[in-house]
Amino acid sequence: MYEIVKSEKLTPDVIKLEIRAPNIARKAKAGQFIMVTPTEHGERIPLTMADFSPENGTVTIAALEVGKTTKELGKMKAGDKVFSLVGPLGLPTHLNQYGNVVSIGGGIGLALMYPVVRAFKQSGNHTINIIGARNEKLLMYEKEINTVSDEFFVCTDDGSKGHHGFVSDILKKLIAENKKIDLVYAVGPIIMMKVIANITKPFNIPTVVSLNPIMVDGTGMCGSCRVIIGGETKFGCVDGPEFDGHKVDFDNLTARNKRYIPEEQISLKRFQEAK
Amino acid sequence: MAEEEKKAPKKIVPKKYPMPEQKPEERVHNFNEVPVGQDAQTAILEAQRCLQCKRGPNRKLCMDGCPVEIDIPAFIKKTQEGNFEEAIKIIREKQNLPAVCGRVCPYENQCEGLCIVGKKNEPVGIGRLERFLADWERNEQKHGKIELPAPTGKKIAVVGGGPAGLTVAGDLARIGHKVTIFEALQYCGGVLIYGIPEFRLPKEIVRSEVDYIRRSGVEIHNDYVIGKLDTVDDLLKEYDVVFVGTGAGLPDWTNLPGENLNGILSANEYLTRVNLMKGYRFPEYDTPIRVGERVVTIGGGNVAMDCARTSLRLGCKESVILYRRSDAELPARREEVHHAKDEGVRFELLAAPLEFIGDDCGNVRQVKAIRMQLGEPDASGRRRPIKIPGSEFLIDAQTVLIAIGQSPNPLVPMTTPDLKTTKEGTIAVDSEGRTSKKGVFAGGDIASGAATVILAMGDGKRAAKAMHKYLTEDPSWPSPEVFEKLSCEM
């Protein structure tokens, strides 16, 4: 059992939990994830690590409350205990002195983006960060990401803050201005990552995306999270979660991520009726 | 002596006393255990079928068939006398998981396969007796306080809480070493928890056996992935020796077109969802599982039988096994095949998949397969299956389960650079379970490739003995060339 130290809402439907897990905190690196099982009857789900502190012995996770499991997490308060926490899993972000790194995040992806762009900055890169959400209220980690940005852009679909439009608009603009871009890093909704990869491909700009396939064990044992990369089957949990965006079969990922929607709705309905 | 010769030969009851079972038509609708166990009276009668023969120089007898060397005649003798407490004590001297092995060991090829009664009649039901005694002990709560010797001061890390790791831990804890198990999942048991279904091995029993190990003084850290949290090298800084028993947790694939369609799962994923995460009790438990009208399982081993039988219990209308050789070559235990047939699993033998066909939404709808015939024996000694041209056929399926084998889990080898592996990915070990890295032992499926629970336990026993010897009398280690050779040979 792992104690929740702090619980807060980042947006109306995103929960941020700081959980005591000193072993995980001392090993965690940017880009990795953890498997969380809220209760003994719960499901094992992978969640991104929004932060980790070896000093405090805590890890911070953020989850978009869409289904039963994440809504259950959303109800948890400081002092409550999470049944199981396994990590840090997956390969860390490959860090290098690339030069100009454009990082793009959307939705819940912003939580993972923060430690990654911080690491890019610490590795001596010029960081250009673009964040986006449907509206101003759904933006997260804006301040934090801004502090590790050399250039910073905010976009909202409805124009309530920053650029009125998509994160991809800014990327297109940077490319059109002949901005030197050595790496693009994208994390967020599948459709966003697909659009970004399609933009950078004709220009041969190396593009890394962080994928979010459905997982069960998270350690390479079951193959639930398999993704097609350049025609080859890879496991999101151990070979990823980051892959070359130009090689990802996004359509297969989209289809595979929808496979338990009917069951998820049953769970959610049952959970909401029980309240 | 002369008197004994005059005695009329003992009359042997020709068949094993029956094992009461749930009827097939009932059990396909529940996850309760299929054989319900024998009563004390039947166990005594079964034990009395044993001749208590002595092991002679040229006679292969029951004990020779037991990978963990249980003194079988001795525990059966105590059972004949109705002294179950002594009987289980004899088993426990060698065996850390009797309730498990009494259920899932392939006895017909081991102890019972060598039983002298079995030459003319059915062999003594040794497996059933082991199960009876372990269940009796649990039900009577006879395994009270475990007496432990004084601590030796030696510290041992065991990576992986499956059959091999639990055996090593139990054996070494009981001679006074301080043992810590590091297990990646939330419960210990390895394949006993995530793989073997409830109807074959109730999880309550695994929990009880793990509890016995814990009460033997073993510390268990769950949710602890070695290779991610700490490496084997990190462990060596704190522990005198390390045992790696991380199993064969990497699913093999057919690599046929369409394998990534929705509804196609590895046996590992399917069984993990159902067993570890209790998907069969969805939505009471949160992990979903769906089967549809027809489930096709590719493969013919015990895991394939588990998948096919699980599918019936999850409510599919038809559960089909697709296997490329014939009935005689099915690698599953005979008993599992019989159980599957009794329950109505359809066997499509001499048939191999070619392709998986999906709908517009990316869900599997059909398996395209081809008929096979058997040719000359191949390297494995089994007759090679050959495709019959033009014999392609289609089977509708909403779920396809890939149960064609597993490979060694690569996490520890990947993160321990000086640990020699074979080209199959197993860790190279000598006959005592020693690896190319001084102080590191390995056993179970990570060293042998996918095998059985009891073989993993046998590996664990050998390694435990060798580890004890290394810690207390002889810290020598084979030269690197030994492992160089081992890694090439395998």
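**Figure 1. Surroundings of Asn268(B) in the predicted model.** In this predicted model, Asn268(B) touches two residues of chain A, Met221(A) and Cys222(A). Within chain B, Asn268(B) also touches Tyr194(B), Gly249(B), Leu250(B), Pro251(B) and Gln406(B). Residues up to four places away in sequence are left out of that list. The side chain of Asn268(B) reaches across to the backbone oxygen of Met221(A), at 2.8 Å. Asn268(B) sits in helix α13 of chain B. Its relative accessible area is 6%, so Asn268(B) is classed as buried.

**Figure 2. The interface of chain B and chain A.** On the chain B side, 40 residues are in contact with 46 residues of chain A. In chain B, the residues that lose the most area to chain A are Lys228(B), Asn260(B) and Asp286(B). Together these three account for 19% of what the chain B side buries. The buried area between the two chains is about 3700 Å². Carbon and sulfur atoms give 51% of that area.

**Figure 3. Polar and charged links between chain B and chain A.** Five salt bridges cross the interface of chain B and chain A. Glu269(B) forms a salt bridge with Arg259(A). The closest N and O atoms of Glu269(B) and Arg259(A) are 3.9 Å apart. In addition, 26 residue pairs are in polar contact between the chains, with both partners at pLDDT 80 or more. Three elements of chain B each give two or more residues to the side that touches chain A: β5 (250-251), β6 (264-266) and α13 (267-276). Helix α13(B) gives the largest share, four residues. By residue type, the chain B side divides into 20 nonpolar, ten polar and ten charged.

**Figure 4. Salt bridge of Glu343(B) and Arg27(B).** Side chains of opposite charge can pair when their charged atoms come close. Here Glu343(B) forms a salt bridge with Arg27(B), the closest N and O atoms being 2.5 Å apart. The pair links distant parts of the chain, 316 residues apart. Glu343(B) lies in the loop between α15 (334-342) and β9 (346-348) of chain B. Arg27(B) lies in helix α2 (residues 24-27) of chain B. Are the two partners buried or exposed? Glu343(B) is buried, at 8% relative accessible area. Arg27(B) is also buried, at 0% relative accessibility.

**Figure 5. Salt bridge of Asp233(B) and Lys437(B), and a network in chain B.** The side chains of Asp233(B) and Lys437(B) meet in a salt bridge, at 2.6 Å from N to O. This pair, too, links distant parts of the chain, 204 residues apart. Asp233(B) belongs to helix α12 (residues 232-238) of chain B. Lys437(B) is in the loop between α16 (411-415) and β15 (440-442) of chain B. Asp233(B) is partly exposed, with a relative accessible area of 29%. Lys437(B) counts as buried, at 8%. Elsewhere, salt bridges that share partners join a set of residues into one network. Among them are Glu21(B), Arg27(B), Glu108(B), Arg200(B), Asp306(B) and Glu343(B). The network also includes Arg309(B), Arg313(B), Arg333(B), Glu335(B) and Glu336(B).

**Figure 6. Salt bridge of Glu8(A) and Lys6(A).** Over all chains, the salt bridges come to 65. One pair in chain A is Glu8(A) with Lys6(A), the closest N and O atoms being 3.9 Å apart. Glu8(A) is partly exposed, at 30% relative accessibility. Lys6(A) is partly exposed at 44%.

**Figure 7. Helix α9 of chain B.** Helix α9 (residues 163-173) of chain B is mostly covered. Eleven of its eleven residues are buried. Among them are Pro163(B), Leu166(B), Val168(B), Asp171(B) and Leu172(B). What do the buried residues of α9(B) pack against? The partners in chain B include strands β1 (155-159), β2 (178-182) and β4 (241-244). Helices α10 (191-194), α11 (203-215) and α18 (453-472) of chain B also pack against the buried residues of α9(B).

**Figure 8. Cysteines without a disulfide.** A disulfide is a covalent bond between the sulfur atoms of two cysteines. The count over all chains is zero disulfides. Why does Cys307(B) form none? The closest cysteine sulfur, in Cys316(B), is 12 Å from the sulfur of Cys307(B), too far for a bond. Cys307(B) is buried, at 0% relative accessibility. Cys155(A) counts as buried at 1%.

Definitions and conventions
Residues are numbered from 1 along each chain as its sequence is written. Chains are lettered from A and ligands numbered from 1 in the order in which they are written. This is a predicted model: local features need pLDDT of at least 70, side-chain atom pairs count only at pLDDT 80 or more; totals for chains, interfaces and linings use all residues. Side-chain values use heavy atoms; hydrogens and water are left out. A disulfide is a pair of cysteine sulfur atoms within 2.5 Å. Buried means under 20% relative accessible area, exposed over 50%, partly exposed in between (1.4 Å probe, protein chains only). Contact means heavy atoms within 4.5 Å. Buried area is the accessible area (1.4 Å probe) that two parts lose on being put together, summed over both. A salt bridge is a side-chain nitrogen of Lys or Arg within 4 Å of a carboxyl oxygen of Asp or Glu. A polar contact is a pair of N or O atoms within 3.5 Å; within protein, one must be able to donate a hydrogen and the other to accept it, and residues adjacent in sequence count only if both atoms are side-chain atoms. Ala, Val, Leu, Ile, Met, Phe, Trp, Tyr, Cys and Pro count as nonpolar, Asp, Glu, Lys and Arg as charged, and the others, Gly among them, as polar.
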